[in-house]
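Biologist: I would like a close look at a single part of this model, with enough of its surroundings to place it. Please keep the answer in one piece.

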Amino acid sequence: MNSNQSHKITINFKQENKQITMYVPDGSSILQHFEENGEELPYSCRNGCCTTCAVKIVSGTIDQSQGIGLSKQMQSKGYGLLCIALANGTAELETQEEDEVYELQFGKYLGSIKNEAGNPFDI
Ligand code: FES
């Protein structure tokens with residue numbers, strides 16, 4: 001792919017009730033490009049671990065190869081993480097409530113942990 005190519009990335013920013021479109025250079029960070037151009041999107045760890053920046057991929061494609069924070073199952077359901085997403089084609093993305101994705105990915109595991117008597121974290 002031509003390294004001078006840019007990709008049309010549209011973000012449906014649900015929390016702000018607005019849609020933003022920018023052209024992101026091929027292989028560049030989508031989150032960082034939007035920030036550098038005046039649009040701050042949801043994030044926290046910036047390291048692919050917390051799901052604050054989770055998006056639903058409405059159409060198109062993003063490069064998630066640097067990420068470990070989202071399970072393959074979540075990726076196959078069309079979710080991605082903006083903080084580690086690189087532009088590799090035209091895409092339309094939709095921000096998610098952090099709790100929504102966190103619950104989908106971790107809820108079933110954390111909810112199944114039994115709290116036994118004598119646990120040092122018991123109050
Ligand atoms: S900001 Fe934490 S996973 Fe992206």
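Where is the place of T51? Please start from there and work outwards.

Modeller: The model is a predicted one. T51 has its place in the loop between α1 and β3. Its relative accessible area is 1%, and because the limit for a buried residue is under 20%, T51 counts as buried. The backbone of T51 has a phi near 75°, a positive value in a residue that is not glycine.

A second residue to look at here is R46, which is found in the loop between α1 and β3. R46 is not a glycine either, and has a positive phi of about 60°. Its relative accessible area is 37%, so R46 is partly exposed, the class between buried (under 20%) and exposed (over 50%). The side chain of R46 lies over the face of Y43, at 4.5 Å from the ring centre. K56 makes a contact of this kind too: its charged end sits over the ring of Y79, 4.6 Å from the centre of that ring. Pairs of aromatic rings, by contrast, come to a count of zero.

The two elements that flank the loop belong to a wider arrangement. The protein chain has three helices and five strands, and from the N terminus on its elements follow the order β-β-α-β-α-β-β-α. Helix α1 covers 30-36 and strand β3 covers 54-63. The five strands form an open sheet in the order β2-β1-β5-β3-β4, with mixed pairing. At the edges stand β2 and β4, each with a single partner strand, so one side of each has no neighbour in the sheet. From one strand to the next, the twist averages 35°.

Strand β3, on the far side of the loop, pairs with two others. With β4 it runs antiparallel, joined by three bridges; there A54 has L81 as its bridge partner. With β5, β3 is also antiparallel, and seven bridges join the two. Across that pairing K56, the residue over the ring of Y79, stands opposite E94, and I57 stands opposite L93.

L93 leads on to the next strand pair. In β5, L93 is the bridge partner of I11, and β1 and β5 pair in the parallel sense over four bridges. Six of the eight residues of β1 are buried, so β1 is largely enclosed by the rest of the structure. Towards the edge, β1 runs antiparallel to β2 with eight bridges between them, and K8 stands opposite Y23. These two strands form a hairpin with four residues between them; N17 in the turn has a positive phi of about 55°.

A91 shows how β5 is set among the other strands. Its place is in β5, and with a relative accessibility of 3% A91 counts as buried. Apart from neighbours within four places in sequence, A91 is in contact with K8, I9, T10, S59, G60, T61 and I62. A91 and K8 are 83 residues apart in sequence, yet their C-alpha atoms are 6.6 Å apart in space. For the protein chain as a whole, 58% of the contacts between residues at least 6 apart in sequence join residues at least 24 apart.

That leaves the nonpolar core. The largest one has 26 residues, of which I9, I11, I30, F34, L41, L82 and L93 touch the most other members. At least two residues of this core come from each of β1 (6-13), β2 (18-25), α1 (30-36), β3 (54-63), β4 (79-81) and β5 (86-95). Both elements that flank the loop, α1 and β3, are therefore among the contributors. L82 gives a view from inside the core: leaving aside neighbours within four places in sequence, L82 is in contact with I11, I30, L31, L41, C53, V55 and L93. Over the protein chain of 123 residues, 39% count as buried.

To return to the start, T51 is buried and R46 is partly exposed. T51 and R46 each have a positive phi without being a glycine.

Key
Residues are numbered from 1 along each chain as its sequence is written. This is a predicted model: local features need pLDDT of at least 70, side-chain atom pairs count only at pLDDT 80 or more; totals for chains, interfaces and linings use all residues. Side-chain values use heavy atoms; hydrogens and water are left out. A nonpolar core is a set of buried Ala, Val, Leu, Ile, Met, Phe, Trp, Tyr and Cys residues joined through side-chain atoms within 4.5 Å. Buried means under 20% relative accessible area, exposed over 50%, partly exposed in between (1.4 Å probe, protein chains only). Contact means heavy atoms within 4.5 Å. Rings of Phe, Tyr and Trp (its six-membered ring) pair if their centres lie within 6.5 Å; planes under 30 degrees apart count as stacked, over 60 as edge-to-face and the rest as tilted. A charge sits over a ring if NZ of Lys or CZ of Arg is within 6 Å of the ring centre and within 35 degrees of the ring normal. Two strands pair if DSSP finds at least two bridges between them. Axes are lines fitted to C-alpha atoms, for helices over the stretch in contact, and angles run from 0 to 180 degrees between N-to-C directions.
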